[in-house]
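Please give an explanation of this structure in running paragraphs, suited to a reader who has not met it before.

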Amino acid sequence: MLTLLSGQMDDHYFRINLDVANSLAIDLKDYILDNPYRPNEHAIYLEDAGGIWTLNPSTLFTQEFIDYCEQELKFRLDIAQIFMRRPRYQHPGAHIDISKDHTVHGGGINWTLDVDDSQMVWYKYPKHEPVVTERSPTDINWEWPLDNLEETARTTIGTMPTLVRTDVPHTIDMGNHERWLVSLRTLDAKTWQEHCNLFKGLIN
């Protein structure tokens with residue numbers, strides 16, 4: 001168990017010390033919008049609402065950043081996902097993240113490219129059964145309507161890398177700015193506790 005912070009396992013996010021200032025190898029927005037459906041990249045794009053893209057980490061990140069994470073920080077960059085939402089677009093459900101092997105995935109490291117006036121919101125795990133959505137092999141969720149869900153936490157992610165919990169229902173309460181977010185995923189950890197253990201040395 002962790003000893004860094006009291007109540008740590010009950011928390012839903014942690015700011016972490018990870019320098020991402022020069023981590024991207026591409027102009028992300030230009031890359032995505034120039035061709036939202038590139039071969040061999042899983043993509044969902046609704047022009048008026050937003051999109052989700054799964055990129056090979058070697059496409060998105062510089063080799064220096066990959067080497068830093070894998071050799072010095074000792075975690076692999078297995079999945080790189082991009083989430084974009086248009087201003088004020090509100091998805092009607094909250095979800096938990098499911099891996100390709102159909103097991104729950106507990107966390108990710110998220111940051112936005114620009115000023116963020118939206119909030120990530122977490123909810124208590126409901127008693128009723130979820131709807132399973134599988135929009136692509138890398139976008140599988142268990143989802144519940146927002147109605148009658150009990151909120152437990154919320155925060156603005158912003159440009160500072162943040163370890164976020166994804167094994168309880170969560171969604172984004174959108175603001176007035178378009179939102180581009182990078183989500184770095186590793187398969188070195190599955191549960192939320194494993195994510196906290198893996199990244200405990202980076203938690204602020």
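The account below takes up the largest pocket, the nonpolar cores, the cysteines and a few loop residues in turn.

The model is a predicted one. A natural place to begin is with the empty space it contains. Rolling a probe the size of a water molecule over the atoms shows where empty space is left. In this model the largest pocket holds about 850 Å³ of space. Its lining is made up of 40 residues, and those nearest the centre of the pocket are Ile52, Phe83, His95, Arg135 and Asp139. By chemical character, the lining comprises 15 nonpolar, 15 polar and 10 charged residues.

Several strands take part in this lining. At least two residues each come from E2 (42–46), E3 (50–55), E4 (79–85), E5 (93–98), E9 (139–145), E12 (170–173) and E13 (179–185). The greatest contribution is that of strand E4, which provides 5 residues.

From the pocket the description passes to the nonpolar cores. The largest nonpolar core consists of 32 residues, and within it Trp53 and Phe61 have the most contacts. Both helices and strands give two or more residues to this core: the helices are H1 (28–34), H3 (63–72) and H4 (192–198), and the strands are E2, E3, E4, E6 (107–112) and E13. Another core, of 9 residues, lies apart from the largest one and includes Trp122, Val168, Ile172 and Met174.

The surroundings of Phe61 can be set out in detail. When neighbours within four places in sequence are left aside, Phe61 is in contact with Ser23, Leu24 and Ala25, with Ile66, Leu77 and Ala80, and with Trp111, Val182 and Leu184.

The cysteines come next. A disulfide is a covalent bond between the sulfur atoms of two cysteines. How many disulfides does a search of the whole structure find? The search finds 0. For Cys69 the reason is one of distance: the closest cysteine sulfur, in Cys196, is 18 Å from its own, and a bond is therefore ruled out because the two are too far apart. Cys196 is likewise in no disulfide, the nearest cysteine sulfur being that of Cys69, 18 Å away. Cys69 counts as buried because its relative accessibility is 0%. Cys196 is also buried, since its relative accessible area is 0%.

The loops offer further points of detail, beginning with backbone geometry. Arg88 is located in the loop between E4 and E5. Although Arg88 is not a glycine, its phi is positive, at about 70°. Is Arg88 buried or exposed? With a relative accessibility of 54%, Arg88 counts as exposed, because the cut-off for that class is over 50%.

His102 is found in the loop between E5 and E6. This residue is not a glycine, yet His102 has a positive phi of about 65°. Its relative accessible area is 47%, and His102 is therefore partly exposed.

A last loop residue, Leu113, is placed between E6 and strand E7 (119–123). Leu113 counts as partly exposed, because its relative accessibility is 26%. Along the chain Leu113 and Thr159 are 46 residues apart, while their C-alpha atoms are separated by 6.1 Å. Thr159 is also one of the residues that Leu113 touches. Residues up to four places away in sequence not being counted, the others are Leu24, Leu28, Lys29, Trp180 and Val182. Leu24 and Val182 appear among the contacts of Phe61 as well.

Key
Residues are numbered from 1 along each chain as its sequence is written. This is a predicted model: local features need pLDDT of at least 70, side-chain atom pairs count only at pLDDT 80 or more; totals for chains, interfaces and linings use all residues. Side-chain values use heavy atoms; hydrogens and water are left out. On a 1 Å grid over the protein atoms alone, a cavity is a set of points where a 1.4 Å probe fits but cannot get out, and a pocket is an open set with protein on both sides within 12 Å along at least five of seven lines; lining residues have an atom within 4 Å of a point. Grid points are joined across faces, edges and corners, and a volume is the space filled by probe spheres set on the points. Helices (H or I, at least four residues) and strands (E, at least two) are DSSP runs, numbered from the N terminus. Ala, Val, Leu, Ile, Met, Phe, Trp, Tyr, Cys and Pro count as nonpolar, Asp, Glu, Lys and Arg as charged, and the others, Gly among them, as polar. A disulfide is a pair of cysteine sulfur atoms within 2.5 Å. Buried means under 20% relative accessible area, exposed over 50%, partly exposed in between (1.4 Å probe, protein chains only). A nonpolar core is a set of buried Ala, Val, Leu, Ile, Met, Phe, Trp, Tyr and Cys residues joined through side-chain atoms within 4.5 Å. Contact means heavy atoms within 4.5 Å.
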